[in-house]
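Please open the model in your viewer and keep a selection tool at hand. The stops below can be followed in order, each beginning with something to select.

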Amino acid sequence: MDEHGRRVAVRGAGASQSCVTRSSLRTAPPQCLIVGYPRAKSRDRAEERVLGQTKNGQKDAYELILDAIDEGTYKPGDRMVESELADRFGMSRTPIREALQRLETQSLLNRDGRSLIVASLDHNQLHELYAVRAELEGLAARLAAQHAAPEEQRVLREMVEQDRALIHDPDAMARANRRFHRQIQLASHNRYLLQQLDLVHRTMALLATTSLAVAGRPEDAIGEHDAIVRAIEARDGDAADEALRTHISKAFETRLKLDSFDDV
Ligand SMILES: [Zn+2]
């Protein structure tokens with residue numbers, strides 16, 4: 001997940017809005033959430049398990065549409081046309097229609113007359129999301145400090161080290177950031193927490209543009225990630241919770257500054 005967020009202009013409001021991208025937690029089957037770590041058959045395999053990236057078949061219409069929103073193919077305000085989506089994904093219209101209904105129920109799509117459009121978040125919603133993220137991700141970090149397997153700790157440590165090579169590539173860094181946050185959540189080994197975070201991240205998929213593109217932010221974010229991982233390695237739940245909350249707060253602060261520039 002990406003607490004650094006993505007951003008889109010709020011239509012007609014003269015302000016802009018921000019949010020964060022989803023992680024792909026929804027794609028992790030429940031059994032991935034409580035991982036019995038293998039006796040390291042190979043490091044790659046272990047890491048794949050850690051990340052919940054089991055290759056368990058094709059994505060359904062719902063996941064494909066969410067991915068398309070997350071990747072910016074469809075942006076807030078864009079119309080979602082059933083026949084067009086069916087063509088794009090090579091599916092019949094029935095699963096597309098069902099997926100659209102589900103997305104509307106989750107407030108990811110809104111009705112505009114007879115059309116369904118990708119929803120956009122207002123300033124208040126952005127605040128609400130960051131507040132929930134800070135609480136839930138702080139808890140995830142606390143639980144990760146208590147329950148992370150040694151393999152998970154090492155994966156997190158490697159992620160921080162690898163981030164340093166991505167400082168000048170905001171998009172790559174944003175992707176790496178989502179993986180990092182997702183890894184912490186998986187390391188919490190709490191399926192109910194993951195379900196709650198999934199709800200938050202689905203909503204965050206509505207936003208575009210990363211605050212990691214802001215000068216100086218990548219360096220700061222890596223330092224903050226490092227502090228989170230150090231606390232998890234030390235099995236210090238209080239420190240992990242605090243470090244993650246601080247990280248989210250800093251990211252939100254960056255987002256607010258970015259938005260205020262947009263308003264000028
Ligand atoms: Zn981060």
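Begin by selecting Leu129, Val132, Arg133, Leu136, Leu139, Ala140 and Leu143 in helix H6, and then add Leu193, Gln196, Leu197, Val200, Thr203 and Met204 in helix H9, since these are the residues through which the two helices meet. By class, the residues of this contact divide into 10 nonpolar, two polar and one charged. The model is a predicted one, and every stop on this tour should be read with that in mind.

Now widen the selection to the whole of H6 (residues 123–147) and H9 (residues 191–204), whose axes come within 10 Å of each other and cross at roughly 145 degrees. The crossing in which H6 passes H9 is left-handed.

While H6 is still in view, select Ala145 together with Asp238, two residues that stand 93 apart along the chain but have C-alpha atoms separated by 8.8 Å. Asp238 belongs to helix H11, which covers residues 237–263. Is Asp238 buried or exposed? It is exposed, because there are 10 other C-beta atoms within 10 Å, and the limit for that class is 12 or fewer.

Next, select helix H7 (residues 150–163) and helix H10 (residues 217–233), which pack at an angle of about 160 degrees with their axes 10 Å apart. H7 is therefore roughly antiparallel to H10, as angles over 145 degrees are counted that way. In passing H10, H7 makes a left-handed crossing. To see the contact itself, show Gln153, Leu156, Arg157, Val160 and Asp163 on the H7 side, and Ile222, His225, Asp226, Val229, Ile232 and Glu233 on the H10 side. The classes represented in this contact of H7 with H10 are five nonpolar, two polar and four charged residues.

Move on to the strands by selecting S3 (residues 109–112) along with S4, which run antiparallel and are joined by four bridges. One pair to pick out is Leu109 with its bridge partner in S4, Val118. Between the strands of this hairpin there are two residues, and Gly113 takes a positive phi near 65 degrees.

Colour S4 (residues 115–118) by face, and you will find Leu116 and Val118 on the covered face, with Ser115 and Ile117 on the uncovered one. In a regular strand the side chains alternate between the two faces of the sheet.

Then step back to the loop between helix H5 (93–105) and S3, where Ser107 lies. Ser107 is not a glycine, yet has a positive phi of about 65 degrees. Most residues other than glycine have a negative phi. With 13 other C-beta atoms within 10 Å, Ser107 is partly exposed.

A second residue to inspect for its phi is His189, in the loop between helix H8 (170–187) and H9. What is the phi of His189? The value is positive, about 55 degrees, although the residue is not a glycine. His189 counts as partly exposed because it has 19 C-beta neighbours inside 10 Å, whereas a buried residue needs 20 or more.

For the last stop, select helix H3 (residues 61–70), in which Ala61, Tyr62, Ile65, Leu66, Ile69 and Asp70 are buried. An α-helix has 3.6 residues a turn, so residues three or four places apart point the same way. Following H3 you will come to Gly72, which has a positive phi near 90 degrees.

How values were computed: Residues are numbered from 1 along each chain as its sequence is written. This is a predicted model: local features need pLDDT of at least 70, side-chain atom pairs count only at pLDDT 80 or more; totals for chains, interfaces and linings use all residues. Axes are lines fitted to C-alpha atoms, for helices over the stretch in contact, and angles run from 0 to 180 degrees between N-to-C directions. A crossing is left-handed if the near helix is turned anticlockwise from the far one by less than a right angle, and right-handed if clockwise. Two residues are in contact if their C-beta atoms, placed from the backbone, lie within 7 Å. Ala, Val, Leu, Ile, Met, Phe, Trp, Tyr, Cys and Pro count as nonpolar, Asp, Glu, Lys and Arg as charged, and the others, Gly among them, as polar. Two strands pair if DSSP finds at least two bridges between them. Angles under 35 degrees count as roughly parallel, over 145 as roughly antiparallel, 65 to 115 as roughly perpendicular and the rest as oblique.
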